[in-house]
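Thanks for coming. I will walk through one structure today, and you can follow along on the screen.

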Amino acid sequence: MFREIMQTLAGDAQADRIVPPSGFTARLTAFTAAAMAFLAVFALALSLATHRLAERWSTSLAQSSTIRISAPLDQREAQTRAVLALLQTTPGVASSRALDPAEQRALLEPWFGPDLPVETLPIPQLVEVVETTEGYDAQGLRLRLAAEAPGAILDDHARWRRPLVRAAGRLHVLGLGALALILCAMAAMITLAAMSALAANRDVMRVLRLIGARDTFIARAFVRRFTIRAAGGALFGTLAGMLAIWALPSVEQAGGFLTGLGFTGAGWLAPLLVPPVAGLTAFWATRLAALRALRSIS
Amino acid sequence: MIELNDITYGYDGTALLSGISLSLSPGSFHFLTGPSGAGKTTLLRLCYLDLTPSRGSITVFGVPAARLGRNDVAKLRRRVGVVHQDCGFLDHMSVRENIAMPLATSGLDPAQHAAEIDELLAWVGLTDRAEARPAELSGGERQRAALARALILSPDVVLADEPTGNVDWEMSLRLLTLLVELNRMGKAVLIATHDMNLIRAAKSQVQARVLRLRRGQLDMAGADL
């Protein structure tokens, strides 16, 4: 089959001439392939971005946790010291530190604005805990905290990390599903365009059969025409899609979730698979349609 | 070369041809005549395996047609030159390209057979029309171009369906002369026509058998022709 594909791509000047020029069908096929490839690049970018996001959330959140100390103001400092001392002797804790008032103010600033007097407000003291790769025993730590600092509550982020990672994972699958659907739609559209062209050229196929052409000779001419059109259109659409992705604002500039949509490093090579896949899809779709059409001609 | 044995062909339960037997041997010359709708074209199509009989058998170059696959049929058709009633050209190609097309479909390079193409174009008198599109040709020119295409692979059998249908008497005689010349080269020729004058004109040039299709049956025509 590889040989058949190579022979088709290599072409035959005589065989190429047998397919009449068909401006509208040619433009329709190339446009369809370009549009689908453009969408496929976005679906691929979405899928890769959400995959990266899920991994990042999963890793970064899995290795950090917070202890919230909600003690009366006069006990807060003592309990904070007790918690920090306890954490220093807890296996699986790489480091820990209490957030200073400026950091806490910065965390609340989006909601309360600047210059919030956090020192005079009954705001819990936060302690950031960074885990080792092995991690700590959350249940054991909770018991020890309850004994030595009753106002301390461990939040290992598991409760809200899980749905976030699940959502990112689902977006990743959704992206892959969209990519598969786009490729299927592309195959369907190219098949329809090919069938339309084949139906319009039924007389040409019949004449060729009557002068002794084999099915493969006739099919190859149509298959080559459509494969080149689809691959060419898809290449244009892919490059346009990559350019559009590249032109999106960067994460640093906008800071939003969607701005993470894009490719990084070797990921930029992934969309370049779209044109060959489109070409292969067109090859099979046209070949099957052509051979089916030829079977109805004696 | 081509033998039809007790052929019946029909559709929707009606037999268009019934009990037809015919043998086209090397060097034979046949006219097939009969009224419009008698089945002349159908009989020709059976000869080049474009139709499958509902009963009987066809043998082409010693091979039973029933045993042939699609690729075998394609290969055998290269040995049967057909001049179709509507000529069957590829309209987007020039006359020269149309004539060369059987070479390409047979895996031969037309560029290496340019001299043969030129020779054929000259033989049918279309040298100066070689680059024209089929739509630009007159009826007679189209028939001659179709004849040239039918002959480019030097077939053993030539089948012509109403080759003089759209041409004047002078051109009819010219085409007839070309077909007689081919026959003298040893090729079997079968011409389907309802033009009795053409058949009469041929009798002075060639030993031809005249077959008449009537009510689905094939008769040898009498001396009245």
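I will start with chain A, go on to its contact with chain B, and end with some places in chain B.

Before anything else, please note that this is a predicted model.

Chain A has 298 residues, and 34% of them count as buried. Its secondary structure consists of 11 helices and four strands. If you take the contacts in chain A with a separation of 6 or more, 88% of them are between residues 24 or more positions apart.

Now to helix packing. Two packed helices are described by the angle between their axes and the distance between the axes. I have two pairs to show, both in chain A.

The first pair is α9(A) and α11(A), the latter covering residues 274-295. Their axes are 7 Å apart, and the packing angle is about 150°. An angle over 145 degrees counts as roughly antiparallel, and therefore α9(A) is roughly antiparallel to α11(A). The crossing of α9(A) past α11(A) is right-handed. On the α9(A) side, the residues that meet α11(A) include A:Asp215, A:Phe222, A:Phe226 and A:Thr238. On the α11(A) side, they include A:Val274, A:Phe283, A:Arg287 and A:Leu294. By type, this contact of α9(A) with α11(A) has 17 nonpolar, four polar and two charged residues.

The second pair is α4(A), residues 73-88, and α6(A), residues 138-148. These axes come within 10 Å and cross at roughly 145°. Here too, α4(A) passes α6(A) in a right-handed crossing. From α4(A) we have A:Ala82, A:Val83 and A:Leu86, and they meet A:Arg144, A:Leu145 and A:Glu148 of α6(A). Four of the residues in this contact of α4(A) with α6(A) are nonpolar, two are charged and none is polar.

Next, the nonpolar cores. How many residues does the largest nonpolar core have? The number is 124, and among those with the most contacts inside it are A:Ala33, A:Phe222 and B:Leu159. Helix α3 of chain A, residues 23-62, gives the largest share of this core, with 16 residues. A:Phe222 is a residue we have already met, in the contact of α9(A) with α11(A). Leaving out residues up to four places away in sequence, A:Phe222 touches A:Val19, A:Ala194, A:Ala197, A:Leu198, A:Thr286 and A:Ala290. There is also a second, separate core of 10 residues, and A:Val127, A:Leu141, A:Leu145 and A:Ala149 are included in it. Of these, A:Leu145 also appears in the contact of α4(A) with α6(A).

That brings us to where the chains touch. The contact takes 17 residues from chain A and 20 residues from chain B. On the side of chain A, α2 (13-18), α8 (202-210) and α9 (215-246) each supply at least two residues. The residues of that side of chain A are 11 nonpolar, three polar and three charged.

Let us turn to chain B, beginning with two of its helices. Helix α1(B) spans residues 40-47, and seven of its eight residues are buried, so this helix is largely enclosed by the rest of the structure. The buried ones include B:Lys40 and B:Arg45, along with B:Leu43 and B:Leu44. Just after α1(B), B:Leu49 takes a positive phi of about 60°. Helix α3(B), residues 95-105, is mostly covered, with 11 of its 11 residues buried. Just after α3(B) comes B:Gly107, with a positive phi of about 85°.

On the subject of phi, most residues other than glycine have a negative value. Two more places in chain B have a positive one. B:Asp6, in strand β1 (residues 2-11) of chain B, is not a glycine and has a positive phi of about 50°. B:Arg215 lies in the loop between β9 (209-214) and β10 (217-220) of chain B, and its phi is near 50°.

Are these two residues buried or exposed? B:Asp6 is exposed, because 12 other C-beta atoms lie within 10 Å and the cut-off for exposed is 12 or fewer. B:Arg215 is also exposed, with 10 other C-beta atoms within 10 Å.

My last stop is B:Gly139, in helix α5 (residues 139-151) of chain B. It has 14 C-beta neighbours inside 10 Å and so counts as partly exposed. Leaving out residues up to four places away in sequence, B:Gly139 touches B:Asn166 and B:Val167.

That is the end of the tour.

Methods: Residues numbered from 1 in each chain as written. Chains lettered and ligands numbered in written order. Predicted model: local features only at pLDDT ≥ 70, side-chain atom pairs only at ≥ 80, totals over all residues. Buried ≥ 20, exposed ≤ 12 C-beta atoms within 10 Å, placed from the backbone. Contact = placed C-beta atoms within 7 Å. Axes fitted to C-alpha atoms, helices over the stretch in contact; angles between N-to-C directions. Left-handed = near helix turned anticlockwise from the far one by under 90°. Nonpolar A, V, L, I, M, F, W, Y, C, P; charged D, E, K, R; others polar. Core = buried A, V, L, I, M, F, W, Y, C linked by C-beta atoms within 7 Å. Parallel < 35°, antiparallel > 145°, perpendicular 65-115°, else oblique.
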